[in-house]
Amino acid sequence: MSNDLIHWRDEHVSILVDLSGPALPRILHWGADLGHHDDTLLEELADTVDPQRVSDETDDLVVATVLPLESAGWVGEPGLSGHRSGRDFAPKFVRTDPPEIEETDDVRRITVRAADAEAHLELIWTIEMLPGGLVRQRNRVTNTGTSTYELTGLLCAYPVPSNAGELLDLTGRHLRERTPQRSPFTIGAHVRDNRRGRTGLDGSILTFAGAPGFGFEGGEVWATHLAWSGNHRLVAERAVRGTRLLSGGELLAPGEMLLEPGQSYESPWWYGAYGDGITEASARFHTYLRSRPQHPRRERPVTINTWEAVYFDHDLGRLKALADNAARVGVERFVLDDGWFGARRNDRAGLGDWVVSADAWPDGLAPLIDHVRGLGMEFGIWVEPEMVNPDSDLARAHPEWILSPGGSRLPMSWRHQQVLDLTDEGAYQHVLGQLDGLLRDHDIAYLKWDHNRDLLEAGDRHGHPAVHRQTLAAYALMDELLRRHPGLEIESCSSGGGRVDLGVLERACRVWGSDCLDALERQQIQRWTTALIPWEMLGCHIGSDSNHTTGRKQSLGFRAATAFFGHFGIEWDLTKVDSETLDDVAAWVTAHQAVRPLLHAGRAVTGDHPDDQLWVYGVVAQDGGDAVFALAQRGTSLEAPTGRVRLPGLQPDVTYDVRPLVPGNKVRGTVVKAVPWWDNGFRASGAALSRMGLIAPTQYPEQAVLLRVTRAEESS
Ligand code: GLA
């Protein structure tokens with residue numbers, strides 16, 4: 001293969017990188033598979049890429065390299081910005097070494113080194129292609145001068161072609177994370193700046209550019225994601241010269257990244273997934289995440305979380321009774337939420353004091369843990385290690401350990417709490433010591449790791465901006481606890497879904513999608529969260545019949561079917577549930593356990609059903625032989641009975657048996673009118689199911705049915 005032109009192909013995706021120096025590399029194509037090209041053909045192809053020059057522009061051609069800069073004529077969002085006391089503001093990088101190209105079974109990687117000898121900066125750009133055809137890039141910049149260089153921005157960029165005429169990104173708020181918004185990809189920049197110090201409840205965990213109207217099942221789409229849990233900038237920019245870039249990187253505060261001579265800064269990974277439809281792009285993220293050594297291999301234990309069951313009422317008798325009923329319905333992990341430590345009898349006090357409250361737990365946690373373990377369940381516990389209530393022993397002893405803008409002023413209070421300065425070695429060691437002690441002294445398999453506020457004006461005790469270092473310190477704290485306690489699992493929670501990104505997921509194996517357990521809202525939250533992560537990483541719980549955050553009343557069938565595909569659980573006071581309902585819950589748990597290996601290893605698929613009130617999605621086994629689908633009736637449909645529903649992702653030439661998956665035969669009130677095949681199922685080819693579809697049962701709004709689709713046995 002030519003060393004100037006690298007063409008990688010995997011799973012219907014190609015990326016073509018031009019490494020011919022002396023300028024920085026260019027991505028000539030990232031998208032649909034181009035098929036095999038020998039060196040000669042590649043060179044001919046590369047020669048066709050440059051546009052002609054037009055009037056009133058630079059004499060040399062303007063090209064967007066992987067680090068678009070003014071020195072190459074790029075006048076949009078710069079790939080790198082910074083200065084040295086107001087000088088060296090416009091760098092120009094020239095390659096210093098031949099590119100390094102590595103290819104192993106797991107990864108293909110190009111590393112390019114470049115420098116600006118006059119601005120005294122060095123740059124290392126890396127791009128990788130990962131299992132499943134996912135790509136990622138990052139930059140590292142080093143100050144090789146003799147004075148301080150302030151880096152103010154470092155973004156990575158993917159070019160997308162001009163048929164990417166539409167953007168789709170995600171926004172949201174507490175209780176309504178992952179709300180999609182679409183817009184035309186017009187000239188100019190669509191910028192999503194985040195200064196929250198966390199990924200954000202409104203964080204766009206995916207930014208898509210695609211052919212107008214792209215959907216889940218089809219339409220070319222380019223999806224990007226930044227693996228970072230701190231401040232960030234995401235830019236979709238279209239220039240009049242016909243260039244469209246999707247860029248992302250950390251958002252640095254003034255003075256945050258002062259590189260002293262010899263110091264470096266490395267950007268977070270900027271991921272890219274191309275697909276014919278969102279489902280295909282998402283599958284690349286899922287395949288990669290599942291390929292990592294730290295991905296959970298153990299079946300995801302069905303979980304009960306105590307939060308919406310008891311809140312701060314930590315009464316041993318009540319919690320033991322809850323554990324009894326949890327065990328009765330088949331729960332495998334019991335998670336004690338907020339309220340077990342310090343003076344934490346409500347959300348105004350105690351955060352930061354990670355010692356068991358003698359007040360709430362006079363005999364310690366052992367009586368509850370022993371009870372839970374005795375019932376055959378694992379025990380997990382809630383912590384919020386980066387936070388502190390001013391009303392806590394910790395804040396009283398160490399007011400200097402609170403992030404603030406400097407001087408005596410504290411940032412605005414948020415849920416009565418402030419942020420602990422983990423960049424302070426003393427504070428870091430203190431929290432590490434307390435959490436380590438908690439895990440050493442108790443039989444705890446799981447931490448629900450929360451983070452319930454934005455970081456506003458977050459400076460260290462010297463008044464320097466600290467979000468970057470704080471984010472790395474939080475990662476280090478998780479890494480150290482995982483190292484010291486093999487087998488420990490961490491869930492990333494942040495007021496619900498405020499910290500969902502591939503940075504924290506290097507160490508956490510599950511995210512909490514939202515504090516909203518309303519199944520209707522959850523349908524949307526889960527649809528867009530699983531566009532990035534596979535179902536087994538997303539906590540999905542059956543909430544109370546009367547929802548705590550929306551007031552909606554929903555059937556068990558809808559709540560359970562909605563939670564069914566994820567890391568399944570319950571967050572509901574089962575001590576107040578009658579025996580018949582407990583049996584129903586148990587039937588759902590058993591049904592989930594029966595298909596859990598399929599749900600958590602199969603390929604997630606979403607249909608583009610034309611009626612937006614009826615959502616069709618499922619998981620199909622990697623070999624196509626087995627599947628579970630959900631038909632979720634969100635609101636009332638205009639057409640009744642509803643039209644045919646097509647099941648995506650099946651093998652066209654395989655014959656399948658289709659039958660309702662009705663746990664315990666007791667989904668009361670779900671189906672208004674069952675279809676003729678409801679009782680005995682039917683048999684059809686994958687082609688028929690995905691192209692012709694089936695007549696679905698008519699349902700009330702806010703109901704869902706599940707279908708089991710299995711390869712037909714030849715004899716039957
Ligand atoms: C956050 C979490 C909830 C719960 C509470 C406890 O809001 O998202 O699930 O743990 O904190 O205070």
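S492 stands opposite V511 in strand 28, and that pairing is a good doorway into this predicted model. Strand 28 and strand 27 (residues 489-492) pair in the parallel sense over two bridges.

**The barrel**

Where do these strands belong? Eight strands close into a barrel, in the order 21-22-23-26-27-28-29-30, and the pairing is parallel. From one strand to the next, the twist averages 30 degrees. Helix 9 lies across strand 28 and strand 29 (538-542), and runs at about 165 degrees to strand 29.

**Two annotated residues**

Now for a pair of residues worth finding in the view. The UniProt annotation "active site", from an unreviewed entry, covers D450 and D515. These two are spread over 66 residues of sequence, yet they cluster in space, with a largest C-alpha distance of 11.6 Å.

Let us take D450 to begin with. D450 lies in the loop between strand 26 (446-449) and helix 8 (467-484). Is D450 buried or exposed? Its relative accessibility is 5%, so D450 counts as buried. Leaving out residues up to four places away in sequence, D450 touches the run W382, V383, E384, P385 and E386, and also C493, S494 and S495.

D515 sits in another loop, the one between strand 28 (510-512) and helix 9 (519-529). With a relative accessible area of 23%, D515 is partly exposed. Which residues is D515 in contact with, leaving aside its neighbours within four places in sequence? They are H174, L175, E177, E308, S495, G496 and T549. With H174 there is also a polar contact of 2.9 Å between the side chains. S495 turns up in both lists, as it touches D450 and is in contact with D515.

**Around the ligand**

D515 appears once more when we turn to the ligand. Of the 13 residues around the ligand, D337, D338, R415, K448 and D515 come nearest. The table gives some distances between an oxygen atom of the ligand and an N or O atom in a side chain.

| Side chain | Distance to a ligand oxygen atom |
|---|---|
| W382 | 3.0 Å |
| K448 | 2.7 Å |
| D515 | 2.4 Å |

Two of these residues link back to the part above. W382 is one of the residues that D450 touches, while D515 carries the "active site" annotation itself.

**An open sheet**

Further along the chain there is another sheet to explore. How many strands form this open sheet, and in what order? Six strands do, in the order 31-32-33-40-35-37, and here the pairing is antiparallel. Strand 31 (603-606) and strand 37 (682-685) stand at the edges, and each has a single partner strand, so one side of each is left without a neighbour in the sheet. The twist averages 25 degrees from one strand to the next.

At one of those edges, strand 31 is joined to strand 32 (residues 614-620) by four bridges, and the two run antiparallel. Within this pair, T606 stands opposite Y617 in strand 32. Helix 9 packs on the sheet and touches strand 31, strand 32 and strand 33 (626-633). The direction of helix 9 makes about 45 degrees with that of strand 32.

That brings us back to the barrel. Helix 9 lies across strand 28 and strand 29 of the barrel, and packs on the open sheet as well. The loop that holds D515 lies between strand 28 and this helix.

Definitions and conventions
Residues are numbered from 1 along each chain as its sequence is written. This is a predicted model: local features need pLDDT of at least 70, side-chain atom pairs count only at pLDDT 80 or more; totals for chains, interfaces and linings use all residues. Side-chain values use heavy atoms; hydrogens and water are left out. UniProt positions are given in the numbering used here, feature names are shortened, and annotations may be inferred rather than shown by experiment. Buried means under 20% relative accessible area, exposed over 50%, partly exposed in between (1.4 Å probe, protein chains only). Contact means heavy atoms within 4.5 Å. A polar contact is a pair of N or O atoms within 3.5 Å; within protein, one must be able to donate a hydrogen and the other to accept it, and residues adjacent in sequence count only if both atoms are side-chain atoms. Two strands pair if DSSP finds at least two bridges between them. Axes are lines fitted to C-alpha atoms, for helices over the stretch in contact, and angles run from 0 to 180 degrees between N-to-C directions. A residue is near a molecule or strand if one of its heavy atoms lies within 4 Å of it.
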